[in-house]
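Me: I have a model open and want to go through its fold step by step. Keep the answers short, please.
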Amino acid sequence: RAGLVAVIGRPNVGKSTLVNRMVGYKVSIVSPKAQTTRHRILGIDTGEAGQIVFVDTPGLHAEGKRAINRYMNRAARGALADVELGALVIEAGQWREADEAAFATLEKTGLPRVLIINKVDRIRDKTELLPFIAKVSEGRGFAAVFPVSAEKGAGLDDLRRGLLDLL
Ligand code: GDP
Ligand code: MG
């Protein structure tokens, strides 16, 4: 199995930390310049079970005026040519307007999507996680939800397996 996963989410949810952690040391370092016109490669997770290429699709950062949105949406469609899966990253316990906006953009792409709930280490009472997961995934069509802590390395094996299953 192998494929491209678009990583989307508002600033500071931990996208970079997550991808760096997933990619670990197993990877040939990707040059910061490595990019096609369509996507910027954030990292490549290569293992026995398969390969996950995490990409940033500049066209997915649609925000602001309507004209810009139209342009961005066009750009996003081109950007998504080879992408098979969209991963929305959020912070445990939080669903802000900017998360909703990121979700809306991802939804518009029509890609199969998963939700990655990062920073679960911040939630002391883990029983709070289940109702939160239920609340944020309700009616949003995620193929899977993965609670993780990119910083502590928790849940990342399940995430890798889950993503590969969907690729
Ligand atoms: P990005 O803007 O989405 O790429 O987010 P970054 O990867 O730059 O992370 C933003 C901040 O969140 C940094 O200070 C990270 O150290 C922190 N962070 C990332 N992952 C975790 C996590 O799993 N747990 C905690 N507590 N902090 C995290
Ligand atoms: Mg980042």
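Me: At about what angle to β6 does helix α5 run?
Reply: This is a predicted model. Helix α5 spans residues 156–166 and lies across β1, β2, β3, β4, β5 and β6. Its direction relative to β6 is about 165°.

Me: Which strands are the edge strands of the sheet?
Reply: Six strands form an open sheet with mixed pairing. The order is β2-β3-β1-β4-β5-β6. Each edge strand pairs on one side only. They are β2 (40–47) and β6 (142–147).

Me: How many bridges join β1 to β3?
Reply: Strands of a sheet pair through backbone hydrogen bonds, either parallel or antiparallel. Strand β1 (residues 2–8) and strand β3 (residues 50–56) run parallel. Ala-2 stands opposite Gln-51 in β3. The number of bridges is five.

Me: Which residues touch the most other members of the largest nonpolar core?
Reply: That core holds 39 residues. Val-7 has contacts beyond its neighbours within four places in sequence, including Val-19, Leu-42, Phe-54, Ala-87 and Val-89. The residues touching the most other members are Val-5, Ala-6, Val-7, Ala-87, Leu-88 and Ile-116.

Me: Over which residues is the pLDDT below 50?
Reply: The mean pLDDT of the protein is 85, and 78% of its residues reach 70 or more. One stretch with pLDDT below 50 has seven contacts in the model beyond near neighbours in sequence. Where pLDDT is low, the predicted coordinates should not be read in detail. The stretch is residues 27–31.

Methods. Residues are numbered from 1 along each chain as its sequence is written. Chains are lettered from A and ligands numbered from 1 in the order in which they are written. This is a predicted model: local features need pLDDT of at least 70, side-chain atom pairs count only at pLDDT 80 or more; totals for chains, interfaces and linings use all residues. Two strands pair if DSSP finds at least two bridges between them. Helices (H or I, at least four residues) and strands (E, at least two) are DSSP runs, numbered from the N terminus. Two residues are in contact if their C-beta atoms, placed from the backbone, lie within 7 Å. Axes are lines fitted to C-alpha atoms, for helices over the stretch in contact, and angles run from 0 to 180 degrees between N-to-C directions. A nonpolar core is a set of buried Ala, Val, Leu, Ile, Met, Phe, Trp, Tyr and Cys residues joined through C-beta atoms within 7 Å. A residue is buried if 20 or more other C-beta atoms lie within 10 Å of its own, exposed if 12 or fewer, and partly exposed in between; C-beta atoms are placed from the backbone. pLDDT is the predictor's confidence in each residue, from 0 to 100.
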